[in-house]
Amino acid sequence: MRYGIGIYGFGGIGKVHAYCYNNLRLFYAPPALKTELVSVCTSSQETANIAKETLGFRFATTDYHDLLAGDEIQIVHCCTPNYLHKDFLIAAIKAGKHIYCEKPLALNLTEAEEVLAVAEKTNYNKKFQMTFNYRYFPATMRAKQLIDEEFLGRVFGFRAQYLHSGYDNENKPLSWRLDITKAGSGALGDLGTHVLDLIYYLLGPYTRVMAESETFIKKRPIAGSTEKGEVKVDDITIGMVRMKDGGMGTIEAWRLATGTEDDLRFEIHGSKGALRFNLMKPNWLEIYDNRESSEPLGGNKGWKKISTMQRYPAPAVFPSSRAPIGWLRSHLQSIHSFLTAIKEDSIPVPSLEDGVYIQRVHDMMLKSVETGKWIDF
């Protein structure tokens with residue numbers, strides 16, 4: 001069977017998803033499923049036609065219902081701005097499609113829970129996976145293995161950051177990402193949800209959150225106008241969290257981190273060791289084994305670099321496991337995992353329920369910002 005793919009939204013991330021499907025056969029032998037790009041849906045027919053011609057979709061549309069009608073398409077991807085997620089996801093669930101959804105799941109927790117309620121009410125039996133692709137670097141996959149093997153011992157705490165500088169120019173014009181009615185939040189939803197999910201993946205559930213945020217550039221140009229509009233989403237959010245296992249940590253999301261590029265970092269400290277990772281050095285996971293002897297003269301004790309590179313498990317075959325890794329490769333592995341769940345009828349990771357959970361943590365941090373108080377689960 002060949003699975004037809006429909007992609008809703010074709011901005012930067014929609015192109016990433018299409019790229020993955022056009023290259024899966026090179027990276028995995030055999031690929032989990034045979035797939036074909038069937039349809040693309042964008043907000044204008046012009047951009048839809050460009051996407052069709054560029055990527056080889058069979059047809060292009062501006063109405064997402066066209067992706068959901070009939071039997072040509074079995075898998076749909078949600079790659080639109082956040083405020084467009086809910087209605088599409090509910091319609092896709094009712095249409096019985098497998099769904100791969102970009103983060104965050106919805107505009108807010110109320111919408112996310114509505115999506116989940118429809119899935120439960122309709123006995124949705126297809127696969128639904130969230131695109132938290134940072135789970136799918138060999139370095140973060142290896143970190144998860146080491147934590148599960150109790151390499152860290154008792155986890156005391158961590159610090160985790162996602163730092164961007166893309167909005168440090170005050171003349172950057174307003175866009176949907178700066179509109180609270182379309183994005184839901186700023187740096188926290190755009191970047192922070194990735195950090196929240198990665199720490200959840202590595203260390204488990206949260207129990208309490210406390211956060212503060214700031215909008216430093218409060219007015220930005222309106223595209224095509226000499227006037228400026230008000231910005232009501234966060235430029236920076238910094239939070240403190242407590243984990244179910246007793247550990248504590250900090251979560252940071254910055255879109256004004258001057259001098260950074262795509263700096264997703266974490267460092268986790270435990271009684272037996274420590275781990276750290278930086279997306280700007282994605283080929284390495286750094287580990288510290290506290291059980292090593294420091295004698296004589298330091299012994300073997302100290303930080304060590306594990307060369308994770310592209311050491312994915314079979315059926316990954318390309319490129320060489322020793323080749324440097326990049327951001328797109330994690331998306332390929334994430335989609336491969338999704339297709340494998342369809343093939344094997346297993347639970348996708350991260351799931352719809354995981355998406356709702358991260359939305360809940362996100363909204364609790366926003367509530368803490370508003371109230372100035374710790375928020376308990």
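This note goes through the pocket, the aromatic contacts and the strands of a predicted model.

1. **Pocket volume and centre.** The largest pocket has a volume of about 1000 Å³. Its lining counts 48 residues. Those nearest the centre are Gly12, Ile13, Cys79, Trp176 and Arg177.

2. **Pocket lining.** By class, the lining of the largest pocket holds 20 nonpolar, 20 polar and eight charged residues. Four helices are worth marking on the view: H1 (12-27), H2 (45-55), H8 (187-203) and H9 (327-344). Each of these helices gives at least two residues to the lining.

3. **Aromatic pairs: Tyr8 and Tyr64.** There are 13 aromatic pairs in the structure. One of them joins Tyr8 to Tyr64, with 5.3 Å between the centres and 55 degrees between the planes, a tilted arrangement. This pair links distant parts of the chain, as its members are 56 residues apart. Tyr8 belongs to strand S1 (residues 2-8), whereas Tyr64 sits in the loop between strand S3 (59-61) and helix H3 (65-68). Both tyrosines, Tyr8 and Tyr64, are buried.

4. **Tyr64 in its loop.** Is Tyr64 buried or exposed? The relative accessible area of Tyr64 is 16%, and buried means under 20%, so Tyr64 counts as buried. A further contact to check is with Ala91. Tyr64 and Ala91 are 27 residues apart in sequence, yet their C-alpha atoms are 9.2 Å apart in space.

5. **Aromatic pairs: Tyr134 and Phe137.** The ring centres of Tyr134 and Phe137 are 6.1 Å apart. Their planes make an angle of 5 degrees, and stacked pairs have planes under 30 degrees apart, so this pair is stacked. Tyr134 and Phe137 are both buried. They also belong to one aromatic cluster, together with Tyr162, Phe266 and Phe277.

6. **Charges over Tyr167.** Which charged residues lie over the face of Tyr167? Lys172 is one of them, at 4.9 Å from the ring centre. Arg255 is another, at 4.3 Å from the ring centre. Inspect the ring of Tyr167 with both side chains shown.

7. **The nine-stranded sheet.** Nine strands make up an open sheet with mixed pairing. Their order is S16-S15-S14-S13-S7-S12-S11-S8-S17. Strand S16 (303-307) and strand S17 (375-376) are the edge strands, each pairing on one side only.

8. **S8 against S11.** Within this sheet, S8 follows S11 in the order. Strand S8 (residues 206-214) is antiparallel to strand S11 (residues 236-243), and eight bridges connect the two. To find the register, start from Ala211, which stands opposite Gly239 in S11.

9. **Strand S5.** How many of the five residues of strand S5 (residues 98-102) are buried? Five of the five are, so S5 is largely enclosed by the rest of the structure. Both of its faces are covered. On one side are His98, Tyr100 and Glu102, and on the other are Ile99 and Cys101; all are buried.

10. **S4 beside S5.** Strand S4 (residues 75-78) runs parallel to S5, and the two are joined by four bridges. Val76 stands opposite Ile99 in S5. Ile99 is thus a useful place to look: it is buried on the face of S5 that also carries Cys101.

How values were computed:
Residues numbered from 1 in each chain as written. Predicted model: local features only at pLDDT ≥ 70, side-chain atom pairs only at ≥ 80, totals over all residues. Heavy atoms only, no water. 1 Å grid on protein atoms, 1.4 Å probe; cavity = no way out; pocket = protein on both sides within 12 Å on 5 of 7 lines; lining within 4 Å. Points joined across faces, edges and corners; volume = space filled by probe spheres on them. Nonpolar A, V, L, I, M, F, W, Y, C, P; charged D, E, K, R; others polar. Phe/Tyr/Trp six-rings, centres within 6.5 Å; stacked < 30°, edge-to-face > 60°. Buried < 20%, exposed > 50% of the residue type's maximum accessible area, 1.4 Å probe, protein only. Lys NZ or Arg CZ within 6 Å of the ring centre and 35° of its normal. Pairing = 2+ DSSP bridges.
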